[in-house]
Amino acid sequence: MIDAEWWDYDSAEELAEAVAGDAQFVIESALDARGDAVVAFAGGRTPDAAQALLAKAKLKWKSVTIVPTDDRLVPVQDKASNVRGLAERFLPLGARVLPLTGGDLPVEAAGKAADARLQAIHWPLDFVWLGMGEDGHTASIFPGADLETALSAPHRAIGVTPDPLPAEAPFARVTLTKSAILGARAILIHITGEKKRKVLEKALKDGAGSQYPIGRLLADATQAIDIHWCP
Ligand SMILES: O=C1O[C@H](COP(=O)(O)O)[C@@H](O)[C@H](O)[C@H]1O
């Protein structure tokens with residue numbers, strides 16, 4: 001059984017406020033302790049409202065570096081690009097937003113380029129904000145052929161091709177690996193809906209033996225894991 005604390009909310013508004021508040025707290029703590037903060041933020045739809053609230057926080061944004069937990073191999077102006085939303089929201093505040101993707105590289109080379117780009121930032125990450133799909137994928141660690149590599153690679157990022165490609169975003173991707181994610185000082189998981197809740201509960205219960213990538217990923221976590229959920 002993976003140890004994690006659940007925080008339940010009645011509404012999407014309360015959920016967004018709580019997640020934004022937690023992210024703000026961790027960033028402020030890193031800024032106080034070290035003078036800068038390095039964080040990874042989930043893509044997809046779920047974090048949008050919380051990230052909009054976080055962007056209103058009075059923080060020393062110029063000292064904050066944000067990377068996506070994962071990104072799709074699409075042009076940055078494509079609406080499926082995870083870094084696009086982060087750049088639009090946090091670059092105007094002065095934050096540094098580091099893309100994982102760029103250029104027109106094949107998937108494996110894109111992963112290597114992301115891994116090289118990530119050498120430019122401070123490690124370990126102060127905070128990883130994860131989402132999860134209904135298939136139990138998190139970041140872009142999907143069930144399938146690339147799962148074992150994402151869980152065992154010594155690199156911080158790799159290129160992956162989900163098989164099957166998810167219908168809502170059918171692209172090859174680059175993802176942070178287990179090694180990069182579990183190095184973080186704090187991990188927050190942000191999900192909505194009964195289906196995702198059941199998947200995550202089962203993944204936490206089954207841990208290393210889980211059929212879901214998020215269970216396999218978190219099985220070796222040693223830091224506190226906070227799960228924020230609303231129906
Ligand atoms: O493809 C992805 O999916 C997950 C979940 O997205 P959501 O839209 O269901 O919230 C997301 O966390 C990940 O970053 C993204 O690339």
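**Note on the predicted model: sheets, ligand site and unusual bonds**

1. Helix α4, formed by residues 107-117, lies across strands β7 and β8, and runs at about 165° to β7. The structure discussed here is a predicted model, and this helix is a convenient place to begin reading it.

2. The strands beneath this description belong to an open sheet of three strands, whose order is β4-β8-β7 and whose pairing is antiparallel. The edge strands are β4 (70-72) and β7 (157-160), each of which pairs on one side only. From one strand to the next, the twist averages 15°.

3. The pairing of β7 with β8 can be followed in detail. Strand β8 comprises residues 173-176, and four bridges link β7 to β8 in the antiparallel sense. As an example for the student to locate, Ile-158 has Thr-175 as its bridge partner in β8.

4. A second open sheet has seven strands, with parallel pairing, in the order β1-β10-β9-β6-β2-β3-β5. Why is one side of β1 and of β5 left without a neighbour in the sheet? Strands β1 (5-8) and β5 (96-97) stand at the edges and have a single partner strand each, so one side of each has no neighbour in the sheet.

5. Within the seven-stranded sheet, β2 and β6 offer a pair to examine. Strand β2 covers residues 37-41 and strand β6 covers residues 127-130; the two run parallel and are joined by three bridges. Val-39 has Phe-127 in β6 as its bridge partner.

6. A helix also accompanies this sheet. Helix α3, which spans residues 82-90, lies across β2, β3 (64-68) and β5, and its direction is at about 155° to that of β3.

7. The ligand deserves separate attention. Which residues come nearest to the ligand? Of the 16 residues around the ligand, those coming nearest are Arg-45, Thr-46, Asp-70, His-137 and Lys-196.

8. Several polar atoms of the protein can be placed against oxygen atoms of the ligand. A polar backbone atom of Gly-43 is 2.9 Å from an oxygen atom of the ligand. For Asn-82, an N or O atom in the side chain is 3.0 Å from a ligand oxygen atom. In the case of Arg-173, a polar side-chain atom lies 3.1 Å from an oxygen atom of the ligand. On its own the ligand has 390 Å² of accessible area, of which the protein covers 94%.

9. Two peptide bonds should be checked by eye. The bond from Trp-123 to Pro-124 is cis, with omega near 0°, and Pro-124 is placed in the loop between α4 and β6. Asp-163 and Pro-164 are likewise joined by a cis peptide bond, with omega about 5°; Pro-164 is found in the loop between β7 and β8.

10. One backbone angle also merits a remark. Ala-139 is not a glycine, yet its phi is positive, at about 50°. Ala-139 is located in the loop between β6 and α5 (147-152).

11. Finally, a record may be set beside the model. An unreviewed UniProt entry lists residues 11-219 as "domain: Glucosamine/galactosamine-6-phosphate isomerase". In the model, the end C-alpha atoms of residues 11-219 lie 29 Å apart, and the span is 38% helix and 16% strand.

Conventions:
Residues are numbered from 1 along each chain as its sequence is written. This is a predicted model: local features need pLDDT of at least 70, side-chain atom pairs count only at pLDDT 80 or more; totals for chains, interfaces and linings use all residues. Side-chain values use heavy atoms; hydrogens and water are left out. Two strands pair if DSSP finds at least two bridges between them. Contact means heavy atoms within 4.5 Å. Axes are lines fitted to C-alpha atoms, for helices over the stretch in contact, and angles run from 0 to 180 degrees between N-to-C directions. UniProt positions are given in the numbering used here, feature names are shortened, and annotations may be inferred rather than shown by experiment. A residue is near a molecule or strand if one of its heavy atoms lies within 4 Å of it. A polar contact is a pair of N or O atoms within 3.5 Å; within protein, one must be able to donate a hydrogen and the other to accept it, and residues adjacent in sequence count only if both atoms are side-chain atoms. Accessible areas come from the Shrake-Rupley method with a 1.4 Å probe; for residues, only the protein chains shown count as cover.
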